[in-house]
Amino acid sequence: MSGQTVKVDDFDMKILFAMQNDANLSQRDLADKVGMSQNACWRRLQRLHASGLIRGTHSEIDLKALGLDLTVFVMIRTRHHSKEWIDGFRAHVERLPEVIDFYRIGGDWDYLIKVVTRGMSGYDAFYQKLITNFDLATVTGFFSMEAIINNRPADLSRLR
């Protein structure tokens, strides 16, 4: 999406809500859930994909069950704000497989990175890779003890 707001009607919102809560619904079940014919629902679903409102489907994986038991929110402050530096830093962070979310933010910090790894030694290895060849003013990690709300679907009803 290009940052433009996409116009949606009530049926589109019902489809978005249903897909956000269960992207594994069959076309028939989705159509029944939103009160449309299967063909009409399929056409709307294709349009929502084409507009960029729906971007793929995902499965939630239990990362702890795979040994990725440490989540760290890494806050970064830098002295560099040129486009060239930012582009280089972005490419560097994108190559780090431990990173699952990466944001440029406002306020006292410049970047927020969400990292998932195997224990403290995994985080230390990530940290060493992160700071290699980059002049970062401050790097600090906040270690998650428990995810209280995680990947909650957005409340689309407040858009109407």
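**Figure 1. Helix H3 has the length you'd expect for its residue count.** H3 covers residues 38-51 in this predicted model. Those 14 residues, at 1.5 Å a residue, should span 20 Å, and the end C-alpha atoms do sit 20 Å apart, so the expectation and the model agree. Just past the helix comes Gly-52, with a positive phi near 90°.

**Figure 2. H3 has a buried face and an exposed side.** Which residues of H3 are buried? They are Ala-40, Cys-41, Arg-44, Leu-45 and Leu-48. Look down the helix axis and these buried residues fall within an arc of 135°, so they line one face of H3. The spacing makes sense: an α-helix has 3.6 residues a turn, so residues three or four places apart point the same way. What do the buried residues of H3 pack against? Their partners are helix H1 (10-21) and helix H2 (27-34). Over on the other side of H3, Asn-39, Arg-43 and Ala-50 are exposed.

**Figure 3. Arg-44 of H3 pairs up with Asp-9 in a salt bridge.** The closest N and O atoms of Arg-44 and Asp-9 are 2.8 Å apart. This pair ties together distant parts of the chain: Arg-44 belongs to helix H3, Asp-9 to the segment before H1, and 35 residues separate them. Are the two partners buried or exposed? Arg-44 counts as buried because its relative accessibility is 19%, under the 20% cut-off. Asp-9, at 29% relative accessibility, counts as partly exposed.

**Figure 4. Asp-135 and Arg-79 form a salt bridge between two loops.** Here the closest N and O atoms are 3.2 Å apart. Again, distant parts of the chain are linked: Asp-135 sits in the loop between helix H5 (119-131) and strand S4 (136-143), while Arg-79 sits in the loop between strand S1 (70-78) and helix H4 (83-94). The two are 56 residues apart. Asp-135 is partly exposed, with a relative accessible area of 36%, whereas Arg-79 counts as exposed at 55% relative accessibility.

**Figure 5. Lys-83 and Asp-87 make a salt bridge within helix H4.** The closest N and O atoms of this pair are 2.8 Å apart. How far apart are Lys-83 and Asp-87 in the helix? They lie four residues apart, which is about one turn. Lys-83 is exposed, with a relative accessible area of 57%, and Asp-87 is partly exposed, with 36%. Elsewhere, salt bridges that share partners join Asp-9, Asp-12, Arg-44 and Arg-47 into one network. A search of the whole structure turns up six salt bridges.

**Figure 6. The largest pocket holds about 1,800 Å³ of space.** Its lining is made up of 45 residues, and those closest to the pocket's centre are His-58, Glu-60, Asn-150, Asn-151 and Arg-152. Which element supplies the largest share of the lining? That would be H1, with five residues. H1, S1, strand S2 (99-104) and strand S3 (111-117) each bring at least two residues to the lining. If you've been following H1 through these views, it is also one of the helices that the buried residues of H3 pack against.

Note on methods: Residues are numbered from 1 along each chain as its sequence is written. This is a predicted model: local features need pLDDT of at least 70, side-chain atom pairs count only at pLDDT 80 or more; totals for chains, interfaces and linings use all residues. Side-chain values use heavy atoms; hydrogens and water are left out. The expected span of a helix is 1.5 Å times one less than its number of residues. Buried means under 20% relative accessible area, exposed over 50%, partly exposed in between (1.4 Å probe, protein chains only). The arc is that of the directions from the helix axis to the C-beta atoms. Contact means heavy atoms within 4.5 Å. A salt bridge is a side-chain nitrogen of Lys or Arg within 4 Å of a carboxyl oxygen of Asp or Glu. On a 1 Å grid over the protein atoms alone, a cavity is a set of points where a 1.4 Å probe fits but cannot get out, and a pocket is an open set with protein on both sides within 12 Å along at least five of seven lines; lining residues have an atom within 4 Å of a point. Grid points are joined across faces, edges and corners, and a volume is the space filled by probe spheres set on the points.
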